[in-house]
Amino acid sequence: MAFYFAYDVSSIKKFLFDSLEFKAIVGASQLVKQFDQSMKEVLSSSQWEKLGKCVFTGGGTGFFEFREKPDQLQEFLEGEVEKKRQEFLLGHPVAWVFEEIGSLSFPALPPWFQLDSVGGTGEYARLFSRIAISLNRKKQQELEIDESPGWVDASELCPSCGTRRRLGDQDGFCPVCLQKVQQGEAYFSRLNQAYPSCTFTFDLNAISGKEQDQEVGELGVLYGDGNSMGDIYKGFQSGEAFSSFSEELEGSIQEAVFSALQSQGVKKAAIPILGGDDMMIILPRKDLFPVLDRLDVSLSQKKVQGHKVTYSFGAAVVPTTLPFYLIFQIVENELLPEAKTARQKSGKVDQNFISFRYIKATMIEGKREKVFPGEAGYQVSLPFHRGMDFPEFRKMVKMVKSASQMDLRKTTLQKLWESLSLGAYPALLNSFYFLKRNSKLDEQTQKDFLENVYLPGFSLQGGAGKAMESRFGTFMELYDLLGGEKAGGGA
Amino acid sequence: MKRVDIVLKALTPVAVGGRNSDPNYHLGMSSENDRFLIPASVIKGAIHERVRGLEHLLGAELALQITGKPQEKGEEKPSASAMHATDFSSDIPVSMGQPRNRIRMNRKTRTVEAGGLFSMMTAPAGSEFRGSLFFRSDVEEESVQKVIRALRGFPLVMGSGKTAGFGSMEVVRAERKAEESQELGVGFYRLILKPLTPFVVSPFGHETLEKKYFLPSLPTVSGRAIPATTPFSRSTPPLPSTGLPGVFSPSTLQKEKYGDENISFEVLREFVYGYEKLQPSLLQRKGKRLEPFGGFVELGPEGFGKRVPVQKVFSIHVQRNPRTKIVQTFWVQQAHKPVALSCLVSVDKSFTMDRILVLGGARGKGYGVMEVQSIAPYVDWESWKGRIESFSRFMEKELGNKGLFVPLLLTSPLVLGAGENLLEGFSRKFILGRTGSERYFDPGVQKVAVQEAFEPGSVVVVQTEYSMEKALETLKLAKTRGLGNGVENGWGDFEVYPMREGGDRE
């Protein structure tokens, strides 16, 4: 028999992203971390220290286990949550429950249930699910709104969140956004002290290395996320095991990230997100592939408490003119799911996966698919964003570099592109002609290009039937990026 | 509105930018759904230019009426143009485009300058583009004819490469269409609008971030937009639709994370069961994690249908280096052009409805022109009885709760004070959903109201002691008036949730 006190920051995404200022987003996640950290220490040197323990805090959630539930303890914990949410979360709501949970064996779900039962999971997952449902119920019960609107002069609205009144001066933020911004700046200062070899800055132009008289600068951006973490978490038998796994996982990702930046000599970067199993890094475009490469190698070698953790990455080279809001959307919302989907479909669950785009000026969407109708049965689709495993990605990068050295020129690529519009069959025939006449591709590179990039798996004998999926879009973007003629490459 | 259907024929290759174009070319022809297109703003610009050029023939008054008065310093609002245009679309697929290369010569050496080659994707000469012009009712018929004659006199020129002869367009047909209008009696209607140009609605907050480069837009129109410009007394916010009614996806509609977006699982029963019994389950199905479906979904008498695609349209305004033609900087206006928009409108006093409405922001720039696709009395409440019976049966059979239970799906924001019941005779059991902030400008007090509200997509379960007939009567009345505060914004609209019936575990 045990008593559990649990808290959860309500609508945490709203807290993190309601200010769309880059610094404020970074600062908001720091505030959540500080809130969790302060809650973790709440029992230390209090009269309740010996009555229970903190099992886990992180990501805006935490819970504690107690042997008893005296009324004063509930008051104490309630008071602490209130105090700390005012201090760190600037008044943002936090739901909490304190209840007794006896048995963790639950009745079987009715047969019509579509959701999976907690039956097959470890003890910790059952406990956490049980507490989560209590927390959710509490959140719903407390879901109230203030029915009277706040009237604000349009010119007084905070330019970052657009919902609160800004402070005095003309360009000022509201107090909430201001505090988030200050926290974001403070976090980067701490990083600069801890890792002096790299300057962490919010100035995206400075990261890109763009000169004043240069046109548009370019940035490398990556967003990484652990795969199937739920499956690992489900197996834990105790909160302590889960807690130490989470800590070790976060530590190992941080170590991998900072050592990748240091070993590749990255001089300027921004790390908007680094917590749990998520990471987002903005860095000079020339450093993107070496850092990704290094992350893939180092993360693949690590095991966290005996568990092999794999990652999916959404990565892009983007122009500095693209607002942070869209950069985030592209890598996290569009490309990362593509890498995850490709991993699931391929069945290569022990590999890290990547979805990459080279987003040039005036392009604003991560997902792009071109479909050439062709003749019946010979349709070709070109998803530029399709995910692939790292060995395949490396192979393509290598192929682009060697093809470029073997005089495969942009004009030939354009001819190949136009050939695809005729359909797979004529495109394959035309490609032999164009590659022989206009490039010095050796036989092996030409074969690799045709079989793995241009029309994978298609042959002149009986290739018709369903739409071909070509990797040529990714190839062309890598060609533009990696030093194709007049592409200003050099990554 | 007076409507004139126009057919433009390209006399030379044409490269009109501004809308989605192939980024592989330096200059690209705008397209939509893989067909070349000339955005309404470009058509309006070319016509304004022609009208100004022929002001001496058309008369200053008519010219001003057509072009609108430019905003002067200190002036609150300029006079609007009395003419709207639709996007002009062609049947020519983008794959039939003609790539054209241009080079820049060095005048001294008479050779091509380094980097002086740039490529453009053009719609070929001979391409036809179809669209319509709408003149406000106060423009005289004779004036409309004068403007049309002015357009037919000699080719219009638009787009890039004008100096090289590109973009010459001839008006090959201009057909004045009969006015289309419809008598509407007092009642409560479902209105389906077809956007003829994209629409723009500024979201709150987002527009100020890096405004220099990106102007986003909400995918929905404010409920105030229709009553502001038409005799409809109230409207719910027009939401993207496929031609069938579209609603915000409920919080209880889930999809596989990283899975096919069109596979949806309606888990209202599971959520209610878990909530009532504190019975834990995993938010996954057959081992695959689930996440909220998000966006919009069709909701008709048969229940939930397909996801409603929300087509974003980006108008790109590019500044190029005049020498190299390489992009120096650009800004992007995001807009939306769904297949249709759907809303509910009230008519308190009969009137003759025009078939064309102009809604949303940036109306002066050609955005927000809508055609009434259909308007019909609202009848979906005929399916409510079965839905309420089904949900109440579930509450009794699975949870032992006897009585009449109604799961309400909020289809627009709901503002309700703490502890207040939605309706007299109905008590709130619980809410599956979340709150958010709504913002609107009140012209009365000249201020922005920031209002907390239960977000559309939330599900509110209520219980009533009323008989089924009385409950239905009360709900129908509430449907036409709206629930809670802010009903003049179109808030407080709802549907009875179509719960999944039967369906044992597969």
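Begin by selecting α2(A) and α3(A) together in this predicted model, and display the side chains along their shared face, where L31(A), Q34(A), F35(A), S38(A) and M39(A) of α2(A) meet K84(A), R85(A) and F88(A) of α3(A). The helix α3(A) runs over residues 71–88, while α2(A) covers residues 22–40. If you draw the two axes, you will find that they come within 9 Å and cross at roughly 155°, and that angle makes α2(A) roughly antiparallel to α3(A), because an angle over 145 degrees counts as such. The crossing in which α2(A) passes α3(A) is right-handed.

Keep α2(A) selected and look along its length. The C-alpha atoms at its two ends are 28 Å apart, which agrees with the 27 Å that its 19 residues should span at 1.5 Å a residue. How many of the residues of α2(A) are buried? The helix is mostly covered, with 14 of its 19 residues buried.

Next, add α5(A), residues 175–194, to the view. This helix has 20 residues and reaches 29 Å from its first C-alpha to its last, a value close to the 28 Å expected at 1.5 Å a residue. Colour its buried positions, which are V176(A), C177(A), L178(A), K180(A), V181(A), Q183(A), G184(A), Y187(A) and F188(A). To see what lies over them, keep α2(A) in view and bring in β7(A), residues 199–200, since both are among the elements that cover the buried residues of α5(A).

A second pair of helices can be found further along chain A. Select α11(A), residues 390–405, and α15(A), residues 472–481, whose axes come within 9 Å and cross at roughly 60°. That angle makes α11(A) oblique to α15(A), and the crossing in which α11(A) passes α15(A) is right-handed. On the side of α11(A) the contact is made by M396(A), V397(A), V400(A) and S404(A), and on the side of α15(A) by T474(A), F475(A), L478(A) and Y479(A).

From the helices, turn to the loops. Centre the view on T310(A), in the loop between β12(A), residues 307–308, and β13(A), residues 311–319. Is T310(A) buried, partly exposed or exposed? It is partly exposed, because 18 other C-beta atoms lie within 10 Å, and a residue counts as buried at 20 or more and as exposed at 12 or fewer. Leaving aside the neighbours within four places in sequence, show the residues in contact with T310(A), namely N227(A), V349(A), D350(A), Q351(A) and N352(A). With these displayed, pick I354(A) as well, which lies 44 residues from T310(A) along the chain, with the two C-alpha atoms separated by 11 Å.

Then go towards the start of chain A and select S11(A), in the loop between β1(A), residues 2–9, and α1(A), residues 12–17. Its backbone deserves a look, as phi is near 40°, a positive value in a residue other than glycine. S11(A) counts as partly exposed, with 16 C-beta neighbours inside 10 Å.

Before leaving chain A, zoom out to the whole of it. The chain has 15 helices and 18 strands, and along its principal axes the C-alpha trace spans about 85 × 60 × 45 Å. Of its 491 residues, 46% count as buried. Where contacts in chain A have a separation of 6 or more, residues 24 or more positions apart account for 70% of them.

Now switch to chain B, which has eight helices and 36 strands. In this chain 45% of the 506 residues count as buried, and among contacts between residues at least 6 apart in sequence, 73% join residues at least 24 apart. Select K286(B), in the loop between β21(B), residues 284–285, and β22(B), residues 288–292. Although K286(B) is not a glycine, it has a positive phi of about 50°, and with 10 C-beta neighbours inside 10 Å it counts as exposed.

Finish by colouring chain B by confidence. The chain averages a pLDDT of 86, and 89% of the residues score at least 70. Where does pLDDT stay under 50 in chain B? Select residues 205–211, where it does so, and for which the model has 17 contacts beyond four places in sequence. For the model, the scores are ipTM 0.86 and pTM 0.87.

How values were computed
Residues are numbered from 1 along each chain as its sequence is written. Chains are lettered from A and ligands numbered from 1 in the order in which they are written. This is a predicted model: local features need pLDDT of at least 70, side-chain atom pairs count only at pLDDT 80 or more; totals for chains, interfaces and linings use all residues. Helices (H or I, at least four residues) and strands (E, at least two) are DSSP runs, numbered from the N terminus. Two residues are in contact if their C-beta atoms, placed from the backbone, lie within 7 Å. pLDDT is the predictor's confidence in each residue, from 0 to 100. The expected span of a helix is 1.5 Å times one less than its number of residues. Axes are lines fitted to C-alpha atoms, for helices over the stretch in contact, and angles run from 0 to 180 degrees between N-to-C directions. Angles under 35 degrees count as roughly parallel, over 145 as roughly antiparallel, 65 to 115 as roughly perpendicular and the rest as oblique. A crossing is left-handed if the near helix is turned anticlockwise from the far one by less than a right angle, and right-handed if clockwise.
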